[in-house]
Amino acid sequence: MNKLALLNELRNNTFVTLRPSDVQGIGVFAITDIPKGKRGLFSNDTAEWIKIHKDEINQLPHHSKFLVENHCLYDDEFYFVPEYGFKMIDLVIYLNHSENPNIVSINDGQDFEATRNIKAGEELFLDYGDIVDS
């Protein structure tokens with residue numbers, strides 16, 4: 001990305017930040033109003049999420065296991081860990097769960113879409129079950 005593209009991204013496509021959440025730990029919050037149907041709320045990262053059995057995660061050092069258990073999706077047998085580990089952090093891993101989310105995952109988790117108008121200062125929520133089921 002060159003300087004002009006970066007300035008355009010900062011001007012037109014910067015919507016969220018991390019802050020302490022009343023729900024759980026850190027959450028993702030809107031820093032500007034986000035209209036219903038808006039996509040591209042997060043990076044265009046195309047990294048794969050690698051399925052790793054829980055037994056393998058349990059064999060990791062405590063600090064790595066902690067990161068996986070607290071920031072990755074999982075099902076009954078596996079965790080889904082970004083291929084770059086935790087050397088880069090996508091804000092997506094800080095989305096908290098709600099049964100009444102205001103964003104949904106689309107395109108096999110490659111993008112997210114606002115399901116309603118979201119006001120600046122409001123926390124973004126995702127239904128984790130929808131992601132794991134897909």
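The following exercises, each with a worked solution, concern the predicted model shown above.

In this predicted model, local features require pLDDT of at least 70 and side-chain atom pairs count only at pLDDT 80 or more, while totals for chains, interfaces and linings use all residues. Residues are numbered from 1 along each chain as its sequence is written, and side-chain values use heavy atoms, with hydrogens and water left out.

**Exercise 1. Aromatic pairs**

Task: Determine how the rings of Phe42 and Phe112 are arranged, and which parts of the chain the pair ties together.

Solution:

Step 1. Rings of Phe, Tyr and Trp (its six-membered ring) pair if their centres lie within 6.5 Å; planes under 30 degrees apart are stacked, over 60 edge-to-face, and the rest tilted. A search of the whole structure returns 2 aromatic pairs.

Step 2. The ring centres of Phe42 and Phe112 are 5.4 Å apart and the planes stand at 75 degrees, so this pair is edge-to-face.

Step 3. Phe42 belongs to the loop between β2 and β3 (49-53), and Phe112 to strand β8 (residues 111-114), so the pair ties together parts 70 residues apart in sequence. Strands (E, at least two residues) and helices (H or I, at least four) are DSSP runs, numbered from the N terminus.

Step 4. Both Phe42 and Phe112 are buried; buried means under 20% relative accessible area, exposed over 50%, and partly exposed in between (1.4 Å probe, protein chains only).

Step 5. Tyr74 and Tyr79 form a tilted pair, with 5.5 Å from centre to centre and 55 degrees between the planes. Tyr74 is partly exposed at 45% relative accessible area, whereas Tyr79 is buried at 10%.

**Exercise 2. Charges over rings**

Task: Identify which residue lies over the face of Phe29 and which lies over the face of Tyr79.

Solution:

Step 1. A charge sits over a ring if NZ of Lys or CZ of Arg is within 6 Å of the ring centre and within 35 degrees of the ring normal.

Step 2. Arg19 lies over the face of Phe29, 4.1 Å from the ring centre.

Step 3. Over the face of Tyr79 lies Lys54, at 5.6 Å from the ring centre.

**Exercise 3. Strand pairing**

Task: Describe how β1 and β2 pair, and state the order of strands in the open sheet.

Solution:

Step 1. Two strands pair if DSSP finds at least two bridges between them.

Step 2. Strand β1 (residues 16-20) pairs with β2 in the antiparallel sense over 5 bridges, and Val16 stands opposite Ala30 in β2.

Step 3. The two strands form a hairpin with 5 residues between them, and Gly25 in the turn has a positive phi of about 50 degrees. In strand β2 (residues 26-30), 4 of the 5 residues are buried.

Step 4. The open sheet has 3 strands in the order β3-β5-β4, with antiparallel pairing. β3 and β4 (73-74) are at the edges, each with a single partner strand, so one side of each lacks a neighbour in the sheet.

**Exercise 4. Salt bridges**

Task: Locate the salt bridges of Glu113 and Glu69.

Solution:

Step 1. A salt bridge is a side-chain nitrogen of Lys or Arg within 4 Å of a carboxyl oxygen of Asp or Glu. The structure holds 3 salt bridges.

Step 2. Glu113 meets Arg39 at 2.6 Å, N to O. This pair links strand β8, which holds Glu113, to the loop between β2 and β3, which holds Arg39, 74 residues apart.

Step 3. Glu69 bridges to Lys65, with the closest N and O atoms 3.8 Å apart. These two residues are 4 apart in helix α3 (residues 62-71), and therefore separated by about one helical turn.
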